[in-house]
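Thanks for coming. I have one structure to go through this morning, so let me put it on the screen.

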Amino acid sequence: MPQRARYLFVCTNRRADGHEKGCCAARGSEAVHRALKEELKARDLTRLHARACTASCLDQCSTGVTVLVEPDHFFYGHVTVGDVAEIVDAIATGGRVERLVLTAEELAQG
Ligand code: FES
């Protein structure tokens with residue numbers, strides 16, 4: 001398969017219930033990953049434009065669901081299934097969804 005222009009790494013890390021850091025899986029990241037894959041496929045963007053992959057903890061737990069976009073090298077945070085269409089719109093146009101991009105301040109908090 002060809003190398004895609006972008007890879008979306010969706011944290012699907014799961015911690016035990018009640019863990020102080022929480023986790024992206026408990027916030028619905030597995031559904032976000034599935035929805036990203038489905039939306040990319042529905043728009044025929046999977047072959048060249050982007051691939052949605054699962055990832056272990058990206059160390060941005062407090063702002064999860066976390067999605068790392070490479071090679072652009074930025075994080076989306078607080079992602080829900082409701083954001084997926086907008087994220088894929090951005091993939092199709094080479095842009096990004098600014099309201100979801102984690103700020104330097106948020107990144108520092110982890
Ligand atoms: S649990 Fe998802 S970033 Fe840490």
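Start at Asp 83: leaving aside residues up to four places away in sequence, Asp 83 touches His 78, Arg 99 and Leu 100. Keep in mind that this is a predicted model. As for where the residue sits, Asp 83 is in the loop that runs between strand E4, 74-76, and helix H2, 84-93. Is Asp 83 buried or exposed? Its relative accessible area is 8%, and buried means under 20%, so Asp 83 counts as buried. There is also a polar contact to point out: the Asp 83 side chain reaches the backbone nitrogen of Thr 80 at 2.9 Å.

Next, the core. How many residues does the largest nonpolar core have? It has 23 residues, and those with the most contacts inside it are Leu 8, Val 32, Leu 36, Leu 40, Tyr 76, Val 79 and Ile 87. At least two residues of this core come from each of these elements: strand E1 (6-11), helix H1 (29-42), strand E2 (50-55), strand E3 (67-70), E4 and H2. H2 gives the most, with five residues. To take one of the core residues, Val 79 touches Val 32, Val 65, Val 67 and Ile 87, again not counting residues up to four places away in sequence.

Now the strands. E1 pairs with E2 in the parallel sense, over six bridges. In that pairing, Arg 6 has Ala 50 in E2 as its bridge partner. With H1 included, E1, H1 and E2 form a β-α-β unit, and the unit is right-handed. E1 also pairs with E3, but there the strands run antiparallel, and four bridges join them. In E3, the residue opposite Leu 8 is Val 69. Leu 8 is also among the core residues I listed a moment ago. As a reminder, in a regular strand the side chains alternate between the two faces of the sheet.

Last item, the cysteines. A disulfide is a covalent bond between the sulfur atoms of two cysteines. How many disulfides does the count come to here? The cut-off is a pair of cysteine sulfur atoms within 2.5 Å, and by that rule the count is zero. On burial, Cys 61 has a relative accessible area of 5%, which is under 20%, so Cys 61 is buried. Cys 57 comes out at 31%, between the 20% and 50% limits, and is therefore partly exposed.

That is what I have; I'll take questions.

Methods
Residues numbered from 1 in each chain as written. Predicted model: local features only at pLDDT ≥ 70, side-chain atom pairs only at ≥ 80, totals over all residues. Heavy atoms only, no water. Buried < 20%, exposed > 50% of the residue type's maximum accessible area, 1.4 Å probe, protein only. Polar contact = N/O pair within 3.5 Å; in protein donor to acceptor, adjacent residues only side chain to side chain. Contact = heavy atoms within 4.5 Å. Core = buried A, V, L, I, M, F, W, Y, C linked by side-chain atoms within 4.5 Å. Pairing = 2+ DSSP bridges. Right-handed = clockwise from strand over helix to strand, strands pointing away.
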